[in-house]
Amino acid sequence: MSPASKSLPVIDIAPLFSSVGGDARSAVAQAIGEACRDSGFFYVTGHRIAPALLIRLDAASRKFFALPEAQKLEIRMGRGGRAWRGYFPVGGELTSGQPDVKEGLYFGAELKPDHPRVRAGVPLHGANLFPLQVPELRSAVLDYMDAATAAAHALMEGVALSLKLEPDYFRAHYTGDPTVLFRIFHYPPVPATADSWGVGEHSDYGLLTLLAQDDLGGLQVKTARGWIDAPPIEGTLVCNIGDMLDRLTGGRYRSTPHRAKNVSARDRLSFPLFFDPDFEAQIRPLPGYEAIADDSDSRWDKASVHAFSGTYGDYLLSKVSKVFPDLKREVIT
């Protein structure tokens, strides 16, 4: 492990891809645990995502966002049905009730019409929408999701070891069939003095987020030491933990608020992959990690994750319906 910016560590997770080298795996797990207890954010190297794949993804994404608005709207989210996939324009997503200054594409696990959950009409399950004008985007997105999901599985082994659990604990209980959601966000330039944010203060919903960002930066993390920048570091991904890992660990690992603003003169892209529990997994504290007292006063949204009970799907839909009010009207009800 080596220092990153002033506060966020860089952790080489390569040992987590191997079942041998117990000391090296233990050292990685210890570093992950320390980061999760501190800021909930860290950089990762050794993630096995090829630089060429990120170059493909970036190029295809920029080609899509350069299309005329009418062509982008051909795959708008309203056409994704209950799968709720596709494009949304600037201002089409809300954070804390405020429109974000970004446009984006929503993707998830590519499921065929005969998949049991698709046949049952389970929200957020189904096929992705891809633009005809940029055919190369499909393979870039699906290849990247596969590679990042493999990295997330490895990371969750490190998280399990950091909690003194068996390495495959999460795969056995929560992520054998994970909820994997992927976003491509385009942030147009915003004056540094402007009040609006590309995405406002929030925490993520699930277990882990793996973020690839371009060279412009703009991500900020709210730590006990105040807001700090999380600038891009070549060859790394930014990893942060979400509300469900906070809930499972009884608050020992905290889901940390963060936000982003593009104050450069160029267009910024970011690529977050959300690695979350099975949609139908019941969420309750891990053995030995009973829930802490109500922590709503200390949370950014004044809503304690430790008051939640139910499936991950219940939690996810309750949150996403606030980000996209149309989701509640058109998909959930």
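Trainee: What makes the 17 Å between the end C-alpha atoms of helix 8 (residues 312–323) agree with its twelve residues?

Mentor: The expected span of a helix is 1.5 Å times one less than its number of residues. For the twelve residues of helix 8 that gives 16 Å, and the end C-alpha atoms are 17 Å apart, so the two agree. A helix here is a DSSP run of H or I with at least four residues, a strand is a run of E with at least two, and both are numbered from the N terminus. Before we go on: this is a predicted model, where local features need pLDDT of at least 70, side-chain atom pairs count only at pLDDT 80 or more, and totals for chains, interfaces and linings use all residues. Residues are numbered from 1 along each chain as its sequence is written, and side-chain values use heavy atoms, with hydrogens and water left out.

Trainee: What makes helix 8 mostly covered?

Mentor: Nine of its twelve residues are buried. Buried means under 20% relative accessible area, exposed means over 50%, and partly exposed is in between (1.4 Å probe, protein chains only). Among the buried ones are Tyr312, Leu316 and Lys319.

Trainee: Is Arg48 buried or exposed, and how do you know?

Mentor: Arg48 has 63% relative accessibility, so it counts as exposed. You'll find Arg48 in the loop between strand 3 (41–45) and helix 2 (51–65). Its phi is near 70°, a positive value in a residue other than glycine.

Trainee: And why is Trp84 called buried or exposed?

Mentor: Trp84 sits at 7% relative accessibility, so it counts as buried. Its loop runs between helix 3 (69–72) and strand 4 (86–88). Trp84 also has a positive phi, about 55°, although it is not a glycine.

Trainee: How would you describe the angle between helix 1 and helix 5, and why?

Mentor: The axes of helix 1 (residues 22–38) and helix 5 (residues 136–162) come within 8 Å and cross at roughly 80°. Axes are lines fitted to C-alpha atoms, for helices over the stretch in contact, and angles run from 0 to 180 degrees between N-to-C directions. Under 35 degrees is roughly parallel, over 145 roughly antiparallel, 65 to 115 roughly perpendicular, and the rest oblique. So these two helices are roughly perpendicular to each other.

Trainee: Which residues does Ala60 contact, leaving aside its neighbours within four places in sequence?

Mentor: Contact means heavy atoms within 4.5 Å. On that basis, Ala60 touches Val134, Glu136 and Leu137. Ala60 is in helix 2, and its relative accessible area is 3%, so it is buried.
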